[in-house]
Structure formats: C-alpha cells, structure tokens
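Here are some short exercises to work through with the model open beside you. Try each task on your own before you read its solution.

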Amino acid sequence: MTIKERLLQSKLLKDFMNPETLGQFIRYFIVGIVGFALEYALFIVLRDILHLYELLSNIMVYTVIFWFNFLLNKFFSFRSHSNFKRQLFYYGILFVFNLVVGNVLLFSGIRYLLVLGFGEGSWPVLYLPKILIMFFIVSWNFVLYKKVIYK
C-alpha cells in the first residue's frame with residue numbers, strides 16, 4: 001500500500017475531508033481574517049500611537065481578541081451551543097499556551113532573528129513578527145478547536 005493510499009484511508013484525514021469540516025474551516029477562516037485585521041490594527045494603535053512596549057501591546061491585544069475569537073468560533077465557525085464552561089476552560093488553556101509559546105517565545109525568537117537579518121528598526125522587525133506568530137497559532141488552533149474544544 002502506498003503512502004497516498006494510507007493517507008486516504010486514515011481516519012484523521014477522513015474526519016477533515018467532509019462538507020461539515022469544510023464549512024467549519026471556511027467560517028473559521030472568515031473569523032480568522034476579521035480577527036487578524038482587528039488584532040493587528042489594535043496592536044499597531046497600541047504600539048505606534050499610544051507608544052506602549054510591543055510585548056505589552058501584544059499581550060493586551062491578545063486578551064481582547066480572546067473573547068472575540070472564542071465567541072465567534074463557538075457560535076459561528078463550529079456552531080456549538082453546548083457545554084460553554086468546558087469549552088471556555090479548554091479554550092483558556094489553549095489561550096495561555098498560545099500566549100506563552102506564541103507571544104513570548106516565538107515573538108522574542110522571531111524578532112531576534114529578524115534583527116540579525118535586517119537590523120533594529122527595519123520594516124521586517126517592526127511588522128513581520130506579529131504576522132508570523134499569528135500564522136503559526138492559526139495553523140494548530142483549527143485542529144484543536146475541531147477535535148478538542150468545540151467537538
């Protein structure tokens with residue numbers, strides 16, 4: 001049996017290759033785009049207009065986006081109307097994980113590498129870390145939302 005045949009027979013892959021999951025992913029993607037725009041705009045406002053430290057700005061914005069994303073993903077993306085407390089608990093655990101890993105470790109690491117490559121104060125250092133962090137977080141969140149949080 002080839003790798004392709006094994007993948008096509010995989011229960012995990014079958015779970016993700018159906019109309020319901022496709023609909024959830026499209027709605028998740030829409031919420032993600034709106035959330036991304038809101039999160040990034042708030043980040044720029046706090047950092048560039050209010051002149052707050054960028055890590056503090058990132059954490060503050062991430063906290064605001066917590067409720068935005070939780071509620072829209074629960075009721076719109078995954079259309080889940082059950083077990084609010086359980087879902088909020090698991091979502092909170094994922095939030096803390098994303099906050100620590102995404103916003104502290106990745107932000108610091110990505111920013112450091114970009115400073116090495118482009119220099120302090122350059123466009124990539126100012127604007128790319130937040131975008132890259134959000135990309136990583138979005139990639140693992142959909143699977144966890146579908147399989148653990150909003151199931």
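**Exercise 1. The largest pocket**

Task: In this predicted model, find how many residues line the largest pocket and which of them lie nearest its centre.

Solution: Start with the count: 31 residues line the largest pocket. Nearest its centre lie Tyr-28, Gly-32, Met-134, Ile-137 and Val-138. Next, ask which elements give two or more residues to this lining: they are helix H3 (19–49), helix H4 (54–77), helix H5 (84–118) and H6. H6 gives the most, with 12 residues. Now sort the lining by character, and you get 21 nonpolar residues, eight polar and two charged. Finally, the volume of the largest pocket comes to about 560 Å³.

**Exercise 2. The length and course of H6**

Task: Work out what span helix H6 should have, and compare that with the distance between its end C-alpha atoms.

Solution: H6 covers residues 123–149, which makes 27 residues. The expected span is 1.5 Å times one less than the number of residues, so H6 should reach 39 Å. In the model its end C-alpha atoms are 37 Å apart, which agrees. Then look along the helix for a bend: H6 has a kink of about 30°, centred on Pro-129.

Now turn to burial, where the cut-off is under 20% relative accessible area. Pro-129, at the centre of the kink, is one of the buried residues of H6. Met-134 and Ile-137 are also buried, and both are among the residues nearest the centre of the largest pocket. Further along, the buried residues include Asn-141, Phe-142, Tyr-145, Lys-146 and Ile-149. When you compare these positions, keep the helical repeat in mind: an α-helix has 3.6 residues a turn, so residues three or four places apart point the same way.

**Exercise 3. An aromatic pair**

Task: Decide what kind of pair the rings of Phe-97 and Trp-140 make.

Solution: The whole structure holds 25 aromatic pairs. For Phe-97 and Trp-140, the ring centres are 5.9 Å apart and the planes stand at 65°, so the pair is edge-to-face; the cut-off for that class is over 60 degrees. The pair connects distant parts of the chain, with Phe-97 in helix H5 and Trp-140 in helix H6, 43 residues apart. As a last step, check accessibility: Phe-97 is partly exposed at 42%, and Trp-140 is partly exposed too, at 25%.

**Exercise 4. Two loop residues with positive phi**

Task: Find where His-51 and Arg-79 lie, and say whether each is buried or exposed.

Solution: Take His-51 to begin with. It sits in the loop between H3 and H4, and its phi is near 60°, a positive value in a residue other than glycine. With a relative accessible area of 64%, His-51 is exposed. Move on to Arg-79, in the loop between H4 and H5. Arg-79 is not a glycine either, yet its phi is positive, at about 50°. Its relative accessible area is 52%, so Arg-79 counts as exposed.

**Exercise 5. The whole chain**

Task: How many helices and strands does the protein chain have?

Solution: The tally is six helices and zero strands, and reading along the sequence gives α-α-α-α-α-α. The C-alpha atoms fill a box of roughly 50 × 40 × 25 Å along the principal axes. Of the 151 residues in the chain, 35% are buried.

How values were computed: Residues numbered from 1 in each chain as written. Predicted model: local features only at pLDDT ≥ 70, side-chain atom pairs only at ≥ 80, totals over all residues. Heavy atoms only, no water. Helix = DSSP H or I, 4+ residues; strand = E, 2+ residues; numbered from the N terminus. Bend = angle between axes of the 7 residues up to and from the residue. Buried < 20%, exposed > 50% of the residue type's maximum accessible area, 1.4 Å probe, protein only. 1 Å grid on protein atoms, 1.4 Å probe; cavity = no way out; pocket = protein on both sides within 12 Å on 5 of 7 lines; lining within 4 Å. Points joined across faces, edges and corners; volume = space filled by probe spheres on them. Nonpolar A, V, L, I, M, F, W, Y, C, P; charged D, E, K, R; others polar. Phe/Tyr/Trp six-rings, centres within 6.5 Å; stacked < 30°, edge-to-face > 60°.
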